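Please provide a formal report on the structure shown below. The account should pass from the overall fold to individual residues and their surroundings.

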Amino acid sequence: MAADATFRQSCQRSHDNLFFDYIGDNPKWKPISLTHVEYPKGDYLGLALAWCSLMPIHIVVGMITLIIFRRELHTISFFGGLGVNEILNAVVKHTLAQPRPCADHMYEHPSYGMPSNHSQFMGFFAVYMVLFIYCRLHYSQSTTMWDDLLDNLWKHAVATGTILLSLAVAFSRVYLRYHDINQISAGLVIGGAMGVAWFIFTQTVLTPLFPVITAWPVAEYLMIRDSTLIPSVMWFEYTQSRAETRKRQRRGSHNSYYKSHSQ
């Protein structure tokens, strides 16, 4: 009873807040559906799948981080394809206007269910990643058959993991009763088809334009770069950074020697 009285007193004192009147009395609160995922209480599998369902948000944050720090046109194109895929999903959803499955969620999702947004996102991401791994990452520093085997094993592991992750996200939407099987299947198919189409579009239309884009003054100011002609960007940056570090170390030791003998 004392705790309830304290709670009521604190709520009464909140009316003195300067911004309280901007919302008004007794507002209808609504959660942000982008991150609001519910799972059955006490269901640890549901908890894991609820976190798995948030994977598209983590991917978007990771890609924005890559764009900010890498500024590579292929990453920007990949991210743009995801945006086009999301627009297509919204158009198809509002065209079909198919409701979601009936569920006992505390907060009902405001959008339609066909196709699943999460499944279409992950379908695009998985297919584009697999095509990028096997069609673009074709260069290896391997000199022996064992090195080549390890390089291919790495590609297979990443590709398989990406596909399994996309299937897990799609399954989470059915398990948590946000979509039915038809809705996630349609999302995976549409997203996968969009991934293939966007990869072909990037390779045949956008990639030849990348040298022109990087020559734009605004691209030079923002340090936008194109690594298409560099077979292994990681190896190139590794060797260049080592060479630059050694050059600066030699320059520093030379300056130290000159200063010590000029005194």
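The report below treats the overall fold, the annotated spans, two helices, the side-chain pairing and some surface and loop residues.

## Overall fold

The structure is a predicted model. Its secondary structure comes to 11 helices and 0 strands, and the pattern along the sequence is accordingly α-α-α-α-α-α-α-α-α-α-α. Of the 263 residues in the chain, 28% count as buried. The accessible surface of the chain comes to about 17700 Å², and carbon and sulfur atoms hold 67% of that area. Among contacts with a separation of 6 or more, 72% are made by residues 24 or more positions apart.

## Annotated transmembrane spans

An unreviewed UniProt entry carries the annotation "transmembrane region" for residues 44-69, 121-139, 159-176 and 188-206. Two of these spans can be set beside the model's secondary structure. Residues 44-69 are 96% helix and 0% strand, with end C-alpha atoms 36 Å apart. For residues 188-206, the model gives 100% helix and 0% strand, and the end C-alpha atoms lie 25 Å apart.

## Helix 6 and its contact with helix 7

Helix 6 covers residues 117-135, a run of 19 residues. At 1.5 Å a residue it should span 27 Å, and its end C-alpha atoms are 27 Å apart, so the expected and computed spans agree. The buried residues of helix 6 include His118, Ser119, Gln120, Phe121, Met122 and Gly123. Phe124, Phe125, Ala126, Tyr128, Val130 and Ile133 are also buried in this helix.

Thr162 belongs to helix 7, which runs over residues 145-175. Which residues does Thr162 contact, leaving aside its neighbours within four places in sequence? They are Phe125, Ala126 and Met129. Phe125 and Ala126 are among the buried residues of helix 6. The C-alpha atoms of Thr162 and Ala126 are separated by 5.5 Å, although the two residues are 36 residues apart along the chain. Thr162 has a relative accessibility of 8% and therefore counts as buried, the limit being under 20%.

## Salt bridges in helix 11

Side chains of opposite charge can pair when their charged atoms come close. The structure holds 2 salt bridges, listed here with their N to O distances.

| Salt bridge | N to O distance |
|---|---|
| Lys247 and Glu244 | 3.3 Å |
| Arg248 and Glu244 | 2.9 Å |

Shared partners join Glu244, Lys247 and Arg248 into one network of salt bridges. Lys247 and Glu244 both lie in helix 11, 3 residues apart, which is about one turn of the helix. Arg248 and Glu244 are likewise both in helix 11, with their positions 4 residues apart in the count, again about one turn. An α-helix has 3.6 residues a turn, so residues three or four places apart point the same way.

How exposed are the members of this network? Glu244 is partly exposed, with a relative accessible area of 28%. Lys247 is also partly exposed, at 37%. Arg248 has a relative accessibility of 52% and so counts as exposed, the limit being over 50%.

## Surface patch

Which residues form a nonpolar patch on the surface? The patch consists of Val212, Trp216, Val218, Tyr221 and Leu222, which together have about 560 Å² of accessible area. Of these, Val218 is placed in helix 10, residues 217-221. Val218 is exposed, because its relative accessible area is 52% and the limit is over 50%.

## Loop residues with positive phi

Most residues other than glycine have a negative phi. Arg71 has a phi near 60°, a positive value in a residue other than glycine. Arg71 is found in the loop between helix 4 (55-70) and helix 5 (73-96), and it is partly exposed, with a relative accessible area of 27%.

Met223 also has a positive phi, near 60°, and is a residue other than glycine. The position of Met223 is in the loop between helix 10 and helix 11 (233-262). With a relative accessible area of 57%, Met223 is exposed.

Key:
Residues are numbered from 1 along each chain as its sequence is written. This is a predicted model: local features need pLDDT of at least 70, side-chain atom pairs count only at pLDDT 80 or more; totals for chains, interfaces and linings use all residues. Side-chain values use heavy atoms; hydrogens and water are left out. UniProt positions are given in the numbering used here, feature names are shortened, and annotations may be inferred rather than shown by experiment. Helices (H or I, at least four residues) and strands (E, at least two) are DSSP runs, numbered from the N terminus. Buried means under 20% relative accessible area, exposed over 50%, partly exposed in between (1.4 Å probe, protein chains only). Contact means heavy atoms within 4.5 Å. The expected span of a helix is 1.5 Å times one less than its number of residues. Patches are made of residues with over 30% relative accessible area and no salt bridge: like charges are joined within 9 Å, nonpolar side chains (Val, Leu, Ile, Met, Phe, Trp, Tyr) within 5 Å. Accessible areas come from the Shrake-Rupley method with a 1.4 Å probe; for residues, only the protein chains shown count as cover. A salt bridge is a side-chain nitrogen of Lys or Arg within 4 Å of a carboxyl oxygen of Asp or Glu.
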